[in-house]
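Let's take a walk through this one together, starting with the overall picture and then zooming in on a few spots. Keep the viewer open as you read.

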Amino acid sequence: MTPDPLTARIETALAADVRPEVRAFAEKLARQADARAVLFYGSNLRSGSLDGVLDFYVLTWGAREKGLWPRVGYHELEMDGQVLRAKVAEMRLATFAHAASGQHLDTTIWARFVQPCALAWTVDEPARDAVVSAVRAAAITASRFAAALGPDAGTESDYWGALFRATYKAELRVEKPGREQQILTFGAGHFDGLMRDAWSAGGIPFSVDGETLRPKLTERGRQRILTRWSRRRRLGKPLNVLRLLRAATTFAGGARYLAWKVERHTGVAVPLTPFREKHPLISSPVLVASYLRAKSRAKKG
């Protein structure tokens, strides 16, 4: 059976080429977590660079999780004399799919994965199909909110811009004005036609006049979407704060990440003992003090 345009688009996007090193890193993470699939996303996907920190989502087996998710950690992998670094979020695929569909009050999953991402590893075809379905749902969810949050009529870019500005305000993120335009510029090919395909798949009627789109929402339908958005906007920042507090005590490899960041930005190596690595929150003042002493010695030398 021939897939609908949105599904075909998502399948093509997820099949994007990534570097062999990225696939090897994804496979290592998958084996460690007994995962079903691993998604690769972020600036390194756009640039193809291995510098900095790679971004992965590891999607595992099991029923939908309760409570806060995902679990976040920092991982390293040495390949051919180069150390690759990654920030890794882990959650169950069932939870990911539920959040992508917009049923959860959290906005981060569908807002992030309507943007470019690649399926870097999958255990089998059913897992691949499940990820395609979830990312497809993320696109429909995002487009539905965009139809109500955007102008009465405008270009696809107008609707995506309005959506991302709204999600930035709802989340605990500090973004410079115009950040949404950078996303749209970097992902121009990805977003071109995506709103139309997502509206069609999501049952949102619209008209087209050249480059101008006009969603045909009833007033009741628009208000229903805006009411759902209002709840997500109010709870967005509190949810983000809770996740940050949780991550402060559970971020695996956090001390190594902090030490690497300090050395990367200052050139000063910070000593990292086993205790500091195991207890990053308790040790953070010590790490900072060590950094200041090392920096002072470097200046005197």
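How many helices and strands make up the secondary structure of the protein chain? The count comes to 14 helices and 7 strands. Keep in mind that you're looking at a predicted model. Of the 301 residues in the protein chain, 45% are buried. If you take the contacts with a separation of 6 or more, 70% of them join residues 24 or more positions apart. As for the outside, the protein chain exposes about 15300 Å², with carbon and sulfur atoms supplying 54% of that area.

Now go to helix 1, which covers residues 5-14. Its buried residues are L6, T7, I10 and L14. Looking down the axis of helix 1, you'll find these buried residues within an arc of 100 degrees, so they line one face of the helix. Flip to the face turned away from that buried side and you meet the exposed residues P5 and T12. So what covers the buried residues of helix 1? The cover includes strand 1 (35-41), strand 5 (117-122), helix 6 (125-149) and helix 10 (194-202). There's also a nice detail at the N-terminal end of helix 1, where D4 acts as a cap: one of its side-chain oxygens sits 3.0 Å from the backbone nitrogen of L6.

Next stop is H190, in helix 9 (residues 188-191). Is H190 buried or exposed? Its relative accessible area is 18%, and the cut-off for buried is under 20%, so H190 counts as buried. The side chain of H190 reaches the backbone oxygen of V114, at 2.7 Å. Setting aside residues up to four places away in sequence, H190 touches R9, A13, V114, Q115 and P116.

Finally, have a look at the hairpin of strand 6 and strand 7. Strand 6 (residues 206-209) and strand 7 (residues 212-215) pair in the antiparallel sense, over 4 bridges. One bridge to pick out links S207 with its partner R214 in strand 7. There are 2 residues between the strands, and G210 in this hairpin takes a positive phi near 65 degrees.

F206 also lies in strand 6. Its relative accessibility is 22%, so F206 counts as partly exposed. Leaving out neighbours within four places in sequence, F206 is in contact with R196, W199, S200, R214, P215 and K216. Try drawing a C-alpha to C-alpha line from F206 to L217: the two are 11 residues apart in sequence and 8.2 Å apart in space.

Key
Residues numbered from 1 in each chain as written. Predicted model: local features only at pLDDT ≥ 70, side-chain atom pairs only at ≥ 80, totals over all residues. Heavy atoms only, no water. Buried < 20%, exposed > 50% of the residue type's maximum accessible area, 1.4 Å probe, protein only. Polar contact = N/O pair within 3.5 Å; in protein donor to acceptor, adjacent residues only side chain to side chain. Contact = heavy atoms within 4.5 Å. Pairing = 2+ DSSP bridges. Areas by Shrake-Rupley, 256 points an atom, 1.4 Å probe, with all protein chains shown as cover. Arc of directions from axis to C-beta.
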